[in-house]
Amino acid sequence: MRREKEEIAVLVRATPEKSRRNGYVHAVGVTGINKAGELLRLYPLRFRYGEGLVDFRKNDLLEVTVTKPEHDLRWESRKVLDYVNLEKPAKDREMKELILPLVTSLERLNMEGASLGVVKPELLDVDVKVNSTETCDRQQYFNLMGDFLEKGEKAAMPVEVKYIFRCEGEDACRGHKIILLDWELNETVRNIVRGEGAPGAVKKKIREQLFELLKEKELYFIMGTHFIYGTWMITGIFCPEKENRNQSSIFDFKQERTDTAMEKIMT
């Protein structure tokens with residue numbers, strides 16, 4: 001298959017999965033933006049526990065060698081053959097410049113047949129379901145990025161967080177209730193479970209940190225569809241520091257896709 005190289009800025013890191021073929025090898029999926037301003041789903045970026053954790057974070061710039069996946073027909077998906085961290089992390093304001101032209105609504109994404117997108121939510125509520133307060137070292141989350149080379153372990157989530165929201169600026173939006181699957185925020189939830197213990201206290205703390213505090217911030221949801229079911233999930237959250245100037249809505253900005261923002265951080 002044809003190989004290509006892409007330079008991407010990392011928006012989302014999925015929760016690592018352990019290979020069934022080789023228990024020492026783990027893989028992580030990424031949602032990123034390339035130089036053309038396109039959202040891409042990248043998997044698998046491989047690593048081994050015991051040799052250090054994943055060597056990149058959100059906002060990092062990666063050079064990836066990719067090809068088309070064999071089993072994932074979503075046009076945004078790429079199979080990763082190799083990657084290099086360029087060691088030039090972008091600042092939040094630079095990432096925001098890349099994200100703003102992509103902001104849309106789930107209604108429009110559905111009409112376009114997309115499987116990745118960015119929405120600016122109007123938060124209405126959060127639904128927290130505590131299935132178990134028992135935590136352990138290995139991750140207990142199912143894969144949201146798809147399994148191109150191997151099937152990862154799938155287990156029930158100890159705590160499910162679902163946001164109830166409307167897509168800002170979309171008159172046709174009647175509201176959504178969608179599960180959150182984000183590596184960093186999952187770790188926040190796990191730490192809350194360890195610290196609080198009781199289900200009632202866990203739910204209260206999660207509501208405070210992942211709803212009440214977020215309502216006061218500028219917030220964007222990175223959306224992705226499930227590999228098998230095609231349902232939408234919140235795969236990541238982008239929450240930049242608010243700017244001093246008055247900004248009533250992101251839809252005040254001219255929605256153009258250009259290379260300008262990416263060129264700034266690639267040079």
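Two speakers discuss how the labels on this predicted model follow from their cut-offs.

Modeller: This is a predicted model, where local features need pLDDT of at least 70, side-chain atom pairs count only at pLDDT 80 or more, and totals for chains, interfaces and linings use all residues. Residues are numbered from 1 along each chain as its sequence is written, and side-chain values use heavy atoms, with hydrogens and water left out.

Biologist: What makes Lys-96 and Glu-218 a salt bridge?

Modeller: The definition asks for a side-chain nitrogen of Lys or Arg within 4 Å of a carboxyl oxygen of Asp or Glu. Here the N to O distance is 3.1 Å. So the pair qualifies. Lys-96 lies in helix α1 and Glu-218 in the loop between α4 and β12, so parts 122 residues apart in sequence are tied together. Helices (H or I, at least four residues) and strands (E, at least two) are DSSP runs, numbered from the N terminus.

Biologist: How do you know that Arg-166 and Glu-122 form a salt bridge?

Modeller: Their closest N and O atoms are 3.4 Å apart. The limit is 4 Å, so the pair counts. Arg-166 lies in strand β10 and Glu-122 in strand β9, so the link joins parts 44 residues apart in sequence.

Biologist: Why is Arg-166 called partly exposed?

Modeller: Its relative accessibility is 24%. Buried means under 20% relative accessible area, exposed over 50%, and partly exposed in between (1.4 Å probe, protein chains only). So Arg-166 falls in the middle class. Glu-122, at 37%, is partly exposed too. Lys-96 and Glu-218, by contrast, are both buried.

Biologist: How do you know that the span of helix α4 agrees with its 17 residues?

Modeller: The expected span is 1.5 Å times one less than the number of residues. For α4 (residues 199-215) that gives 24 Å, and the end C-alpha atoms are 23 Å apart, which agrees. There is still a kink of about 35 degrees, centred on Glu-208. The bend at a residue is the angle between axes fitted to the seven residues ending there and the seven starting there.

Biologist: What makes β7 and β13 edge strands?

Modeller: The open sheet runs β7-β8-β12-β13, with mixed pairing. β7 (103-104) and β13 (232-238) each have a single partner strand, so one side of each lacks a neighbour in the sheet.

Biologist: Why are β12 and β13 called paired?

Modeller: Two strands pair if DSSP finds at least two bridges between them. β12 (residues 220-225) and β13 share six bridges, in the antiparallel sense. So they pair. One bridge joins Gly-224 to Met-233 in β13.
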